[in-house]
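Here is a short set of exercises to work through with the structure open beside you. Try each task before reading its solution.

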Amino acid sequence: MRRRAICLAIGALLATNANAARAQEPSSPREDVEGRDAWFWALRSFPSTERPYDKMSRLHQSLLDYLHRTAALVTASSAPLGGAWRSIGPNGVWVFQIESGRIAAILPAVTPGGPMYLGTASGGIWRSANNGLTWTALTDAECVLTTGAMARDPSNASIVYAATGEGNGGLTGCGVLRSADGGNTWTTSIQGLRASNGGGATFTSLVVDPASAGTASSVLIGTTNFNNAGVVRSTNAGATWTTVLNTGPANGLVAHPTRAREYYVTDRVTTPVTTRGVYHSLDAGATWVALPPIPVNDPSALGRIELAVSKAAPTLLWALVGDRASGGMLGLFRYDETTNAWTELDASGVTTSFGTQETYDLVLAIDPRDAKRIFIAGVTAFRSTDGGATFTPFAREVHSDWHVIVFDHDNPDLMWAGTDGGVYLSTDAGGSWVSRSSGLAVTQYYPGVSVHPQGLRITGGSQDNGTHVFSGSLFWDEFIGGDGGYTAINYRDPSVQWGETQWSVSTGTVGNLFRRDLTGSIRRNTGISLTDRAQFIPPLVMDPVSPSKLYFGTFRVYQTLNEGLLWTPITGDVTSGTGTITSIAVSPVDTNTIYIGTSDGRALISRDGGATLVAATGLPPRAVTRVVPHPTDPLRALITVSGFGTGHVFETTDGFATAVKNVSGNLIDAPANVALYIPSVNATLVGTDVGVFQTADNITWTPGPTGLPNVIVQDLVYQPAIHLLVAGTYGRGMFAYDVGTSTAVLRGDANGDGKIDAFDALLIQQTLVGSAASSTAVYPRGDANCNGNLDAADVVLVLRAAVGLPTGTACVGTTR
């Protein structure tokens, strides 16, 4: 009976969560890749319109040296936060699916049971020793976590190359990483990959020439970098590089399937149009000649081109061509070396669901055993079994936006795919697919992470993977698809959450603010002008005293007093005339005090709820990314700015009555995205494009706490009641850090009545699904296994303790 009661309780918990997840949710809006890219770089460029690719690459190239130097400054007084961060996911496990983040490269295992590798968009290199069932991060401590392409040395599978900087995402890298021990350690090469101004690269493809494999292997890279556009080549295992083809940004570099030293490559976009096409090398990339032009009616329509070959037909080369004008598929072509001519394939059956994002997602793969089996993908995927004459959709269970398809070395029926949602495996030649993203924490989070005051919910909006809710170690849940954004959690009723999708005029997704509760989600944007200028990720914040009052920013501040039923502008244009609002924050001790930041370098304060504004002085001409008020002083706030060449953290102690003070000290010259105070330990933290840094005196900044990868940190949130600090990263999911310790409590006594019984289990269950009474501080009392979260395991442990069953080594029933 006791065991039956436990099973029933667990079943009720899971059923309640499932029913909530199955409630009607808004559909995923169309993605705006160019809008996202423009948003990211505009903040880092202002006041210039030229993107600082060179400065970003120099930052990453100098990062490890800076971290080494500042680590020597760490003392108990200079670095008040010791200990380490812990990853809280998403680790690929969701309520009804397993998804993670964008995959740029896949290296399948060379032998059964051997290591396989993934290159992720901004989450680094990962390795699996069990065919993708579990994953281990390998490059968290390297100069950058952005990956464009990967390759193995054919003569030694333990030698792995990873070209940093992603051609699809536009985030620059720090050079080429090389490991000689299967990914355990790495060295970095940059010589020859940067021009005199120090600019770096993004990469699209990487091949190791088998004819010269070994310690002096030739490595060829197809790159879209902005200084060495074209193909670069190394003849000494990546120690140095030279440019061997400079017709424009290169793409689709492939090796001939049976002949060593022979390669094909295409230029991604080239001016003039007459030189755009496919090139061929017979000498391991030393020289290149152009193949005949691809026969299209309008050569100016040639967009991105992907190439593929097959051992089953070694005299043929296939080209999937994107339409530069529409963004869709222009055509599929086949080159025959025996006739030196191209043929356009019919490719009937490819529908509009293929998408219009050819610069972002365009994939071509030919079965090495049967050249009639052709796979193409964009937003969605299609398959041909008749050599390209007809296509049908396939892999509909796979997340959209495809970036890579590869075959197993020995068995082409085993196929791997990488998309915006993670990595997938097919064991039946593409007939069915399963996710292999479990444990792969590479989600890209935007600003706007929210943490419930008692840790009952953590929410965040991600790149193309929706808006997420975390309520413990059992699962992550998703509401709202597409690109997420800012979030908010009702601190009186954590089942009520807010989220948004990107503000994109080109896709028509503007003003998409959603309120979610146990019955589902509903759009609430009445009163917001959908023609306003706004950030791609506009700020949405909840009043710290009244959860029915929220604020939203375009170029002016909107306020709702009734949970979004009606929004009213409370300011005019707070920018200099062309900017947008990047930050809104309300003082927790005086809710009439509102701080605002803008993309054109302004920071403002209102002491009367938005009626009048005072602008800060003393800030550099850089985009303001965040204004964060002090938790106990409404006139004190931190201001962070993006870009390069100035300080990045500033402070006011008098509500902008006098010029702000630069408190950047020795902080690295990196775009800063967020800062916050933790007065209880005399710490100030800043999240940057290369991690988190802390200071106790606003002069000496040191890296840390430890355990966080060298990743873009978009948000930091601290909840003092539970001493919990959460970081939202752009590529490695979320991390949590425990600041100090809480007062000891009886673990398992969720309702605080001094005993452990079924009512405690019920309260934890209600909390997990968001229906608990808001006045009850369930955490940490309900954390019966002392793992730092509330989850289903706590329900089981409390029930076992309540009926006298063993609970192993769990902390339930102890005071901690």
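**Exercise 1. Describe the lining of the second largest pocket by residue class, and find which strand gives the most to it.**

Solution. The model is a predicted one.

- Step 1: start with the classes. The lining residues of the second largest pocket divide into 29 nonpolar, 8 polar and 3 charged.
- Step 2: look at the total and the centre. The lining has 40 residues, and Pro544, Val586, Val717, Tyr718 and Gln719 lie nearest the centre of the pocket.
- Step 3: turn to the elements. Those giving two or more residues to this lining include β30 (450-451), β42 (581-586), β46 (624-629) and β54 (713-719).
- Step 4: pick out the main contributor. β54 gives the most, with 5 residues.
- Step 5: add the volume, which is about 1200 Å³ for the second largest pocket.

**Exercise 2. Locate the largest nonpolar core and name the element with the largest share of it.**

Solution.

- Step 1: find the residues with the most contacts inside the core. They are Trp498, Leu540, Phe552, Trp567, Ile668, Val686 and Phe693, in a core of 47 residues.
- Step 2: list the elements. At least two residues each come from α2 (33-45), α3 (53-71), β38, β39 (550-553) and β50.
- Step 3: choose among them. α3 provides the largest share, 6 residues.
- Step 4: look for a separate core. Another one, of 20 residues, lies apart from the largest and has Leu81, Val674, Val713 and Ala727 among its members.

**Exercise 3. Decide whether Glu651 is buried or exposed, then find the side chains that make polar contacts with it.**

Solution.

- Step 1: place the residue. Glu651 belongs to strand β48 (residues 649-652).
- Step 2: apply the cut-off. Glu651 has a relative accessible area of 8%, and because buried means under 20%, Glu651 counts as buried.
- Step 3: search for partners. The side chain of Tyr677 makes a polar contact with that of Glu651 at 2.7 Å.
- Step 4: search again. The side chain of Asn698 also makes a polar contact with the side chain of Glu651, at 3.4 Å.

**Exercise 4. Compare the span of helix α5 with the expected value, and see what follows the helix.**

Solution.

- Step 1: take the span. Helix α5 (residues 792-803) has 12 residues and reaches 17 Å from its first C-alpha to its last.
- Step 2: compare. This span of α5 is close to the 16 Å expected at 1.5 Å a residue.
- Step 3: check burial. The buried residues of α5 are Ala792, Asp794, Val795, Leu797, Val798 and Leu799.
- Step 4: recall a general point. An α-helix has 3.6 residues a turn, so residues three or four places apart point the same way.
- Step 5: move past the end. Gly804 follows α5 and has a positive phi, near 85°.
- Step 6: look across to another helix. Gln765, in helix α4 (residues 758-768), has its C-alpha 7.4 Å from that of Ala792, although 27 residues separate the two along the chain.
- Step 7: classify Gln765. Its relative accessibility is 13%, so Gln765 counts as buried.

**Exercise 5. Inspect the backbone at Pro47, Pro90, Ala284 and His723.**

Solution.

- Step 1: begin with Pro47, in the loop between α2 and α3. The peptide bond from Phe46 to Pro47 is cis, with omega near 10°.
- Step 2: go to Pro90, in the loop between β1 (86-89) and β2 (103-107). The bond from Gly89 to Pro90 is cis too, with omega near 5°.
- Step 3: examine Ala284, in the loop between β16 (278-281) and β17 (289-290). Its phi is positive, near 60°, in a residue other than glycine. Ala284 is buried, with a relative accessible area of 0%.
- Step 4: finish with His723, in the loop between β54 and β55 (724-729). His723 is not a glycine, yet has a positive phi of about 60°.

**Exercise 6. How far apart in space are Gly731 and Ala441, C-alpha to C-alpha?**

Solution.

- Step 1: locate Gly731, in the loop between β55 and β56 (734-738).
- Step 2: check its accessibility. Gly731 is buried, at 0% relative accessible area.
- Step 3: read the distance. Gly731 and Ala441 are 7.9 Å apart in space, C-alpha to C-alpha, and 290 residues apart in sequence.

Key. Residues are numbered from 1 along each chain as its sequence is written. This is a predicted model: local features need pLDDT of at least 70, side-chain atom pairs count only at pLDDT 80 or more; totals for chains, interfaces and linings use all residues. Side-chain values use heavy atoms; hydrogens and water are left out. On a 1 Å grid over the protein atoms alone, a cavity is a set of points where a 1.4 Å probe fits but cannot get out, and a pocket is an open set with protein on both sides within 12 Å along at least five of seven lines; lining residues have an atom within 4 Å of a point. Grid points are joined across faces, edges and corners, and a volume is the space filled by probe spheres set on the points. Helices (H or I, at least four residues) and strands (E, at least two) are DSSP runs, numbered from the N terminus. Ala, Val, Leu, Ile, Met, Phe, Trp, Tyr, Cys and Pro count as nonpolar, Asp, Glu, Lys and Arg as charged, and the others, Gly among them, as polar. A nonpolar core is a set of buried Ala, Val, Leu, Ile, Met, Phe, Trp, Tyr and Cys residues joined through side-chain atoms within 4.5 Å. Buried means under 20% relative accessible area, exposed over 50%, partly exposed in between (1.4 Å probe, protein chains only). The expected span of a helix is 1.5 Å times one less than its number of residues. A polar contact is a pair of N or O atoms within 3.5 Å; within protein, one must be able to donate a hydrogen and the other to accept it, and residues adjacent in sequence count only if both atoms are side-chain atoms.
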